[in-house]
Amino acid sequence: MFEALGNRLTGVFDKLRRRGALTDADVQEALREVRVALLEADVALPVVKDLVTRVRERAVGQEVIRSVSPAQQVIKIVNDALVEALGGGEGDDGKRGLDLNAPSPVPILMVGLQGSGKTTTSGKIALRLRTRDRKKVLLASLDVHRPAAQLQLQTLADQAEVTGLPIIAGQTPRQIAERAMDVGRRELYDVVILDTAGRLAIDEALMAEVAEVKAFVKPHETLLVVDAMTGQDAVNTAKAFQEKVGVTGIVMTRVDGDARGGAALSMRAVTGAPIKLLGAGEKLDALEDFHPDRIANRILGMGDIVSLVERAAETIDQAEAEKLAKKMQKGSFDLEDYASQLKQINKMGSLSGILGMLPGVGKIKSQIENANLDQTMLKRQAAIISSMTPKERRNPDLLKASRKRRIAAGSGTTVQDVNRLLKQFDEMSAMMKRMNKLGQKGLMRGGLG
Ligand code: GDP
């Protein structure tokens, strides 16, 4: 999410940085470009106007121009305005993340259009609550219009290793909700997630059905699931649901496929409801918390090191990681280490998702994606490395033409594949050296200077 906007803004700020001392005109020009970039990212016009006005008020004038690093100052101001637009202003803290602070079983109602990812998200939330928060979760589908939807939720419940409410044909959504809450109380569940039926578009019947269930269950959270890829339509959908049903939070799905991110930036201002979670993939573990400050950092190309480290902490073998880190610092990182790193990356999930969190990688990310560095690529590279002798892995310079041919044959690849791997290894070593330096300067702590 936000790659396109991030690239545009990075361009604007690169230009500012080259200037040194800024005039009012420089700042105005940069703001014009920020405005265009936001509009191209499909951010709603009133939100763009408001954001640019806010930045202008703070940026234009003596303060910025006289400051030691005027460009950094402007970036900081834009950063703060983005955080505010994303809902990170003061007093918002308590509304972020799921609120489970209620007597058990806590009912969570999932609403949204068909195809938005509602059912998948119900499964994702169930998995997270069971594994991370150690909750006992019951999943129930209220979709009586599509029997397949009830079966789909049961499949997801199985995958997430939580209980699905047994399906009884012929019950109304309200009857199912009643039964789910009864079971929830009797069998001491912590959370009951109710997945309602979706429609292809907003219609009265859908709203009436959702409203009836909501009035009966009195959910503690009513989460609206919207597809980020639908841009402004997602914002309009959210507005309609907010007016007719009332929601406590928004989950944006498919942010993995949405390069523009305009919907996320408009959502808070247009609907007043906070974005609570992001869906970033089809797999059940592809669910992220929404942190306005981290997202703003991602947009401005400063990376989301905090999320990256959190994700890493969940998946990576700590001892192994420390060993690698030491080697990196000593500059003795070899292909053996590269292979073990590939294995770790593979465990962390989608590579492009990870790259998006690294500072300054936004720009090269698309190049890497074009080079097709995906899971299959990772596996192929692992195969190539395992066809090398230990000596070759420790000293890649040994790899001349005949050895490359042998390795290609041994791993079922081509000499070009071997060359590509070696090039990538070189680039990665170089990037690590750079990150090492950055880390030492303290920039990785997210400081804006
Ligand atoms: P529902 O009709 O709203 O319940 O939608 P589903 O949960 O059935 O999801 C529709 C499709 O979107 C499925 O193929 C899901 O795998 C996919 N999907 C859901 N969430 C995400 C996401 O965050 N990223 C991606 N790429 N696909 C998703």
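**Exercise 1. Locate P105 and describe the peptide bond that joins it to S104.**

Step 1: P105 sits in the loop between α5 and β1; helices (H or I, at least four residues) and strands (E, at least two) are DSSP runs, numbered from the N terminus.
Step 2: The bond between S104 and P105 is cis, with omega about -10 degrees.
Step 3: For background, most residues other than glycine have a negative phi, and most peptide bonds are trans.

Before you go on, note that residues are numbered from 1 along each chain as its sequence is written. This is a predicted model, in which local features need pLDDT of at least 70 and side-chain atom pairs count only at pLDDT 80 or more, while totals for chains, interfaces and linings use all residues.

**Exercise 2. Stay in this loop and work out the surroundings of D99.**

Step 1: D99 belongs to the loop between α5 (70-85) and β1 (106-112).
Step 2: Count its neighbours: D99 is partly exposed because 15 other C-beta atoms lie within 10 Å. The cut-offs, with C-beta atoms placed from the backbone, are 20 or more other C-beta atoms within 10 Å for buried, 12 or fewer for exposed, and in between for partly exposed.
Step 3: Leaving out residues up to four places away in sequence, D99 touches H220 and E221; contact here requires C-beta atoms, placed from the backbone, within 7 Å.
Step 4: Now look along the chain to K276: D99 and K276 are 177 residues apart in sequence, and their C-alpha atoms are 9.7 Å apart in space.

**Exercise 3. Where does R134 lie, and is R134 buried or exposed?**

Step 1: R134 is found in the loop between α6 and β2 (137-141).
Step 2: Its phi is near 55 degrees, a positive value in a residue other than glycine.
Step 3: R134 counts as exposed because it has 8 C-beta neighbours inside 10 Å.

**Exercise 4. Now treat R254 in the same manner: is R254 buried or exposed?**

Step 1: R254 lies in the loop between β6 (249-253) and α11 (262-271).
Step 2: Although R254 is not a glycine, its phi is positive, about 55 degrees.
Step 3: With 20 other C-beta atoms within 10 Å, R254 is buried.

**Exercise 5. Describe how α6 and α7 pack, from axes to residue classes.**

Step 1: The axes of α6 and helix α7 (residues 147-160) come within 9 Å and cross at roughly 25 degrees. Axes are lines fitted to C-alpha atoms, for helices over the stretch in contact, and angles run from 0 to 180 degrees between N-to-C directions.
Step 2: α6 and α7 are therefore roughly parallel to each other (under 35 degrees is roughly parallel, over 145 roughly antiparallel, 65 to 115 roughly perpendicular, and the rest oblique).
Step 3: The crossing of α6 past α7 is right-handed, the near helix being turned clockwise from the far one by less than a right angle (anticlockwise would be left-handed).
Step 4: On the α6 side the contact includes T119, T120, S122 and G123, and on the α7 side A149, Q152, L153 and L156 are among the residues.
Step 5: Sorted by class, this contact of α6 with α7 has 7 nonpolar, 6 polar and 1 charged residues (Ala, Val, Leu, Ile, Met, Phe, Trp, Tyr, Cys and Pro are nonpolar, Asp, Glu, Lys and Arg charged, and the others, Gly among them, polar).

**Exercise 6. Repeat the analysis for α8 and α9.**

Step 1: Helix α8 (residues 173-186) and helix α9 (residues 204-217) have axes that come within 10 Å and cross at roughly 30 degrees.
Step 2: α8 and α9 are therefore roughly parallel, and α8 passes α9 in a right-handed crossing.
Step 3: P173, R174, A177 and M181 of α8 meet E209, E212, V213, F216 and V217 of α9.
Step 4: The class count for α8 with α9 is 6 nonpolar, no polar and 3 charged residues.

**Exercise 7. Which residues come nearest to the ligand, and which helix gives the largest share of the shell?**

Step 1: Of the 18 residues around the ligand, the nearest are G117, K118, T119, T120 and G279; a residue is near a molecule if its C-beta atom, placed from the backbone, lies within 6 Å of it.
Step 2: Helix α6 (residues 118-131) supplies the largest share of the shell, 3 residues.
Step 3: By class the shell has 2 nonpolar, 12 polar and 4 charged residues.

**Exercise 8. Finish with the whole protein: how many helices and strands are there, and what share of residues counts as buried?**

Step 1: The secondary structure comes to 21 helices and 8 strands.
Step 2: Of the 449 residues of the protein, 39% count as buried.
Step 3: Among contacts with a separation of 6 or more, 75% are between residues 24 or more positions apart.

Key. Contact = placed C-beta atoms within 7 Å.
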